[in-house]
Amino acid sequence: KDRVDKSSVGFDHRSELSKHESQTDAAKGFGGKYGVQKDRVDKSAVGFEHHAKLSQHSSQTDAAKGFGGKFGVQNDRKDKVAVGYEYQANLSQHGSQTDGVKGFGGKFGVQSDRVDKSAHTYAERENVNQYKTKVDVRGDVKNFKSRFENFGQQQDDLNRKRAEEIKRQRELEFKKQVEKESEKQKQLEQEFARQQIQEDTEKRIEEDTAREKAIEIQKEEEERIRREQERIAAEERSRQLEAERTENARRNAEEERRQSEQQRLAEEQQRIAEEQRQAEEQQRIAEERRQAAEQQRIAEEQRQAAEQQRITEEQRQAAEQQRTKGSGITMRAIYDYTAADQDELSFLEGDIIRDVDPIDDGWANGTIGNTTGMFPLSYAEEELPTAPAPVSKPARQSSVSSEVPDLGVCGVALYDYTANDNDEITFEAGETISNIEKPDPGWWIGVCRGKRGTFPKDYVSLVSSDGAPADIPAQAPVSDDGLCARALYSYTPSDADELELTEGCIITHIDQVDAGWWIGVINGQKGMFPSSYCEIIN
């Protein structure tokens, strides 16, 4: 140890590293408590939560300013000569509009200061001197000229006097008219003053009447308030009495309900006890029936097992005989083939090769007519079997029944059952039970052979409304459904006593009445069918 390097450390050494200030103070360092160290934040930077207050236009702070403001146009920028649609200018009037004496079409029809001196109205008539064709030229010519000029001067003076007279008359008429208008105006002013006095009087009368009516209304309102207060007090007293009566009635009803509820609970407990007793009794009876049915079913299963063993042995022997005859595989040639050896088979495209038996990879034995030999499997393909033509059907038997009618919920008997009590029914395997009811988990009620009674549910399989089995498996065992077979092809019945076969369907309770035709049951329907259309199954 005295020679150990002072700066060296072992594997177990753990140095304490100095922490950054952002690790000791959450307010400092990028990604700290506040996301950015405050002393390094850009003064002009803002966060996503920042909402800047934008400066508003003058039209947003003062409704009287700005286009579309309070008055539609900012007043300090309005064109001095511009006016709105509502503006109505006071136009200067013509002199004929301010003074009735002036202007064409004025008060007197023609402005007096512009009347042609030589013009007169239709009402004026002038005595015109007749023109003398013969001029008295007595005296000298100068005298005649002076006389003619004097005549013209006299005529002008006469016309001037006449116009002045007319003007004077018109002025007199205008003065009279003005006086008349002034008088009329004075009468109107007097009438207005009289109406004003009358209106003031009527207004004072109305005010006095309204004041008196208001006082009367106030008195009526005070009286109404007093009567309303009395009515409210009476209603409050009545409400208190009604509440007391309601509370007493509620207490009495509550007491009666409590007594009725106690009585109902007692009756309910008694009814439940009775139902439990009846249920226990029914369960005991059902258990006894189930045990008896189970014993009978076990005996039936033992009998059917022996029968099944016999049938299985017969089928095994038949299969052995079939195997010795050939595999039964049929193939069709897809190419021509010529035998290379004597043990090979020659054929043409389309020939049918029967009893094909594969003997090696790619080779098989087969028969064409009476010739048997080997051939390559790649030159032929398997020929799918076709439905054989059914043999002629034997004479109809009276035992074949028609399709079972739809009589409520129906079922097909899976085993034979013999009634043990008078309220039970007896049936054989394959028979149909109709109008089935399910009052008990182990025992049902139905109709068979015209009699209604109970039977164990395990002995029956329900069928749907269309006749299809509801719970019969696709391959029913012989021990349950007798001899069974599977349809190899579909068959459409030609008579009412025949069954319709669908490829793959199961026929149960088969009776081999003939070599070519059998009798069986499908979905509760019993009938005949060709035996070559099906195969026996185990």
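**Exercise 1. Find how β13 pairs with strand β14 (residues 525-530): how many bridges join them, and in which sense do they run?**

Start with the pairing itself: β13 and β14 run antiparallel, with 6 bridges between them. Strands here are DSSP runs of E with at least two residues, helices are runs of H or I with at least four, and both are numbered from the N terminus. Two strands count as paired if DSSP finds at least two bridges between them.

Next, pick out one rung: Gly 520 has Gly 527 in β14 as its bridge partner. Then look at the turn. The two strands make a hairpin with 2 residues between them, and Asn 523 in that turn has a positive phi of about 55°.

A quick word on the model: it's predicted, so local features need pLDDT of at least 70 and side-chain atom pairs count only at pLDDT 80 or more, while totals for chains, interfaces and linings use all residues. Residues are numbered from 1 along each chain as its sequence is written, and side-chain values use heavy atoms, with hydrogens and water left out.

**Exercise 2. Work out which strand β13 meets through strand β12's hairpin, and how many residues the link has.**

β12 (residues 506-511) pairs with β13 in the antiparallel sense over 2 bridges. Thr 508 stands opposite Val 521 in β13. The hairpin that joins β12 to β13 has 5 residues in the link.

**Exercise 3. Decide how many residues of β13 (residues 517-522) are buried, and which way they point.**

Count first: 6 of the 6 residues in β13 are buried, where buried means under 20% relative accessible area, exposed over 50%, and partly exposed in between (1.4 Å probe, protein chains only). Now sort them by direction. Trp 517, Ile 519 and Val 521 point one way, and Trp 518, Gly 520 and Ile 522 point the other. That fits a general pattern: in a regular strand, side chains alternate between the two faces of the sheet. For the protein as a whole, buried residues make up 18% of the 538 residues.

**Exercise 4. Trace the largest nonpolar core: which elements give two or more residues to it?**

A nonpolar core is a set of buried Ala, Val, Leu, Ile, Met, Phe, Trp, Tyr and Cys residues joined through side-chain atoms within 4.5 Å. The largest one has 19 residues, and those with the most contacts inside it include Leu 501, Ile 522 and Phe 529. The elements giving two or more residues are β11 (484-487), β12, β13 and β14. The largest share, 4 residues, comes from β13.

Now zoom in on Phe 529. Beyond its neighbours within four places in sequence, its contacts (heavy atoms within 4.5 Å) include Leu 501, Ile 510, Trp 518 and Cys 534.

**Exercise 5. Describe the aromatic pair of Tyr 489 and Tyr 533: what are its distance and angle?**

Rings of Phe, Tyr and Trp (its six-membered ring) pair if their centres lie within 6.5 Å; planes under 30 degrees apart are stacked, over 60 edge-to-face, and the rest tilted. The whole structure has 13 aromatic pairs. This one is edge-to-face, at 5.7 Å centre to centre with 80° between the planes.

Place the partners: Tyr 489 lies in the loop between β11 and β12, Tyr 533 in the loop between β14 and β15 (534-537), 44 residues apart. Finally, check the cover. Tyr 489 counts as buried because its relative accessibility is 17%, and Tyr 533 is buried with a relative accessible area of 8%.
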